[in-house]
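Biologist: I would love a close look at one charged side chain in this model and at its surroundings. Please keep the cut-offs in view, since I like to know what each label stands for.

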Amino acid sequence: MFDVRELAAVLAALLFRSEEIAPSGNDTARHYFKSVEMSGAEPRAVKEIQRLSARLLRAHRSK
């Protein structure tokens, strides 16, 4: 799926999202979703981001 550096970048971005962007609400996140051509997606809540990060780590470790 991802190599170690790619996964680290994704997990760091998710952590940044949950710590720095999510507290200010979804309006801030929508700008970034639009930037990556995903404007129709609904931003995830902090708990959902944490679960996603854990899933990605588990998938990587089980390879």
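What is the relative accessible area of Arg-30?

Modeller: Happy to take you there. The relative accessible area of Arg-30 is 34%, so this residue counts as partly exposed; here buried means under 20%, exposed means over 50%, and partly exposed is what lies in between (1.4 Å probe, protein chains only). Before we go further, note that this is a predicted model, in which local features need pLDDT of at least 70 and side-chain atom pairs count only at pLDDT 80 or more, while totals for chains, interfaces and linings use all residues. Residues are numbered from 1 along each chain as its sequence is written, and side-chain values use heavy atoms, with hydrogens and water left out.

Let me place Arg-30 in the whole. The protein chain has three helices and zero strands (helices being DSSP runs of H or I with at least four residues, strands runs of E with at least two, numbered from the N terminus). In sequence order the pattern reads α-α-α. Helix H1 covers residues 4-21, helix H2 covers 26-35, and helix H3 covers 46-61. The C-alpha trace spans about 35 × 25 × 15 Å along its principal axes, and 19% of the 63 residues count as buried.

Now to the partners of Arg-30. General background helps: side chains of opposite charge can pair when their charged atoms come close. Arg-30 does this with Asp-27, in a salt bridge of 3.2 Å, N to O; the term stands for a side-chain nitrogen of Lys or Arg within 4 Å of a carboxyl oxygen of Asp or Glu. Both residues of this pair belong to helix H2, where they sit three residues apart, or about one turn of the helix. Asp-27 has a relative accessible area of 64%, so Asp-27 is exposed.

Arg-30 also meets the side chain of Glu-42 in a salt bridge, again listed at 3.2 Å, N to O. This pair reaches beyond the helix: Arg-30 lies in helix H2 but Glu-42 in the loop between H2 and H3, so the bridge ties together parts that are 12 residues apart in sequence. Glu-42 counts as exposed, because its relative accessibility is 52%. Through the shared partner, the salt bridges join Asp-27, Arg-30 and Glu-42 into one network. By the same rule, the count comes to two salt bridges.

Glu-42 leads us to another residue of helix H2, Asn-26. Leaving aside neighbours within four places in sequence, Asn-26 is in contact (heavy atoms within 4.5 Å) with Arg-17, Glu-42 and Pro-43. Asn-26 counts as partly exposed because its relative accessibility is 28%. Looking the other way along the chain, Asn-26 and Leu-56 are 30 residues apart in sequence, and their C-alpha atoms are 23 Å apart in space.

The loop that holds Glu-42 deserves a word too. Glu-37 is also placed in the loop between H2 and H3. Its phi is near 55 degrees, a positive value in a residue other than glycine. As background, most residues other than glycine have a negative phi. Glu-37 is exposed because its relative accessible area is 73%. Arg-44 is found in this loop as well, and Arg-44 counts as partly exposed because its relative accessibility is 43%.

For contrast, turn to Ser-18 in helix H1. Ser-18 has a relative accessible area of 10%, so Ser-18 is buried. With neighbours within four places in sequence set aside, Ser-18 is in contact with Pro-23, Val-46 and Ile-49. Across the protein chain, among contacts with a separation of 6 or more, 59% come from residues 24 or more positions apart.

Val-4, also in helix H1, gives another picture: Val-4 counts as exposed because its relative accessibility is 57%. Val-4 and Gly-25 are 21 residues apart in sequence, with 30 Å between their C-alpha atoms.

To come back to your residue: Arg-30 is partly exposed at 34%, and Arg-30 belongs to one salt-bridge network with Asp-27 and Glu-42.
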